[in-house]
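Trainee: Could you walk me through this one? I'd like to work out what the fold looks like, piece by piece.

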Amino acid sequence: ETYTEGPTENGENLVVYYNFNTPWGIADEALIKLSSQYPDLLFTLSYEEETGWGGEHEYLRGVRLLGSEYNWKCRECDYEETGEPPYCEECDYDTCPSCGWQEADEPCEQHKKVSA
């Protein structure tokens, strides 16, 4: 996307947001290199792959500092599952263990009972 806004204030910090797409994973090496070129800046990468996994990492002085990753994220309440995603092979059905949000084109018999 085209960068159109200047820095915004976030407490005592100035923040610049960029959005971009990249194939087959996160731009980890690029952000490590970029953060080494700008040692006074903290870079935060938030990402989500189209099938539902994602995470967030921070970079400073060429080092990835913090990281969190999830295998599934609820579209309703943003609950993040780090283990096995709540998925049914029979009906391609997801159910959030936090808020109960459900997604399926056609629920199987087991999930029809749960949603009833």
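Trainee: Let's start with a cysteine: is Cys77 buried, partly exposed or exposed?

Mentor: Keep in mind that we're looking at a predicted model. Cys77 sits in the loop between β6 (72-73) and β7 (80-81). The partly exposed class runs between the 20% and 50% cut-offs. At 33% relative accessibility, Cys77 therefore counts as partly exposed.

Trainee: Which residues does Cys77 contact, leaving aside its neighbours within four places in sequence?

Mentor: Look further along the chain, at Cys99, which is 22 residues apart from Cys77. The C-alpha atoms of those two cysteines are separated by 6.7 Å. With the neighbours within four places set aside, the contacts of Cys77 are Cys96, Ser98 and Cys99.

Trainee: There's another residue in that loop I wanted to ask about. What is the phi of Asp78, roughly?

Mentor: Asp78 also has its place in the loop between β6 and β7. It isn't a glycine, yet its phi is positive, at about 65°.

Trainee: Okay, zooming out: in what order do the elements run from the N terminus on?

Mentor: The protein has two helices and 10 strands to place. Reading from the N terminus on, the elements go β-β-α-β-β-β-β-β-β-β-β-α.

Trainee: Now the open sheet of three strands. Which strands are at its edges?

Mentor: The order in this sheet is β3-β4-β5, with antiparallel pairing. An edge strand here pairs on one side only, and that picks out β3 (43-48) and β5 (63-70).

Trainee: And how much does that sheet twist on average?

Mentor: Go through the open sheet in its order, β3-β4-β5. From one strand to the next, the twist averages 10°.

Trainee: How many bridges hold the pairing of β3 and β4?

Mentor: You can trace the pairing residue by residue: Ser46 stands opposite Glu56 in β4, and Tyr47 stands opposite Gly55 in β4. In the hairpin, five residues lie between the two strands, and Gly52 takes a positive phi near 120°. As for the pairing of β3 with β4 (residues 54-60), it is antiparallel and runs over six bridges.

Trainee: Which side chains of β3 point to the buried face?

Mentor: The side chains along β3 alternate between two faces. Thr44, Ser46 and Glu48 point to one face and are not buried. Pointing to the other face, and buried, are Phe43, Leu45 and Tyr47.

Trainee: What about the loop after β4: is Arg61 buried or exposed?

Mentor: Arg61 has its place in the loop between β4 and β5. Its phi is positive, about 55°, although it's not a glycine. Its relative accessibility is 52%, and the cut-off is over 50%, so Arg61 counts as exposed.

Trainee: Where does helix α1 come in, and at what angle does it run to β4?

Mentor: Helix α1 covers residues 28-37. It lies across β3, β4 and β5. Its angle to β4 is about 25°.

Trainee: Which parts does the salt bridge of Arg64 and Asp28 tie together?

Mentor: Side chains of opposite charge can pair when their charged atoms come close. Here the side chains of Arg64 and Asp28 meet at 3.5 Å, N to O. The two partners are 36 residues apart in sequence, so the pair ties together strand β5 and helix α1.

Trainee: Of those partners, is Asp28 buried or exposed?

Mentor: Take Arg64 as a reference: at 37% relative accessibility it counts as partly exposed. Asp28 has a relative accessible area of 17%, and the cut-off is under 20%, so Asp28 is buried.

Trainee: Last stop, the largest pocket. Which element gives the largest share of its lining?

Mentor: The largest pocket holds about 1400 Å³ of space. Its lining has 33 residues, and Tyr18, Phe20, Thr44, Leu45 and Ser46 lie nearest the centre. The elements giving two or more residues to the lining are β2 (13-15), α1 and β3. The largest share, six residues, comes from β3.

Trainee: And for the whole protein, what percentage of residues counts as buried?

Mentor: Buried means under 20% relative accessible area. Apply that to the 116 residues of the protein, and the share that counts as buried is 23%.

Note on methods:
Residues numbered from 1 in each chain as written. Predicted model: local features only at pLDDT ≥ 70, side-chain atom pairs only at ≥ 80, totals over all residues. Heavy atoms only, no water. Helix = DSSP H or I, 4+ residues; strand = E, 2+ residues; numbered from the N terminus. Buried < 20%, exposed > 50% of the residue type's maximum accessible area, 1.4 Å probe, protein only. Contact = heavy atoms within 4.5 Å. Pairing = 2+ DSSP bridges. Axes fitted to C-alpha atoms, helices over the stretch in contact; angles between N-to-C directions. Salt bridge = Lys/Arg side-chain N within 4 Å of Asp/Glu carboxyl O. 1 Å grid on protein atoms, 1.4 Å probe; cavity = no way out; pocket = protein on both sides within 12 Å on 5 of 7 lines; lining within 4 Å. Points joined across faces, edges and corners; volume = space filled by probe spheres on them.
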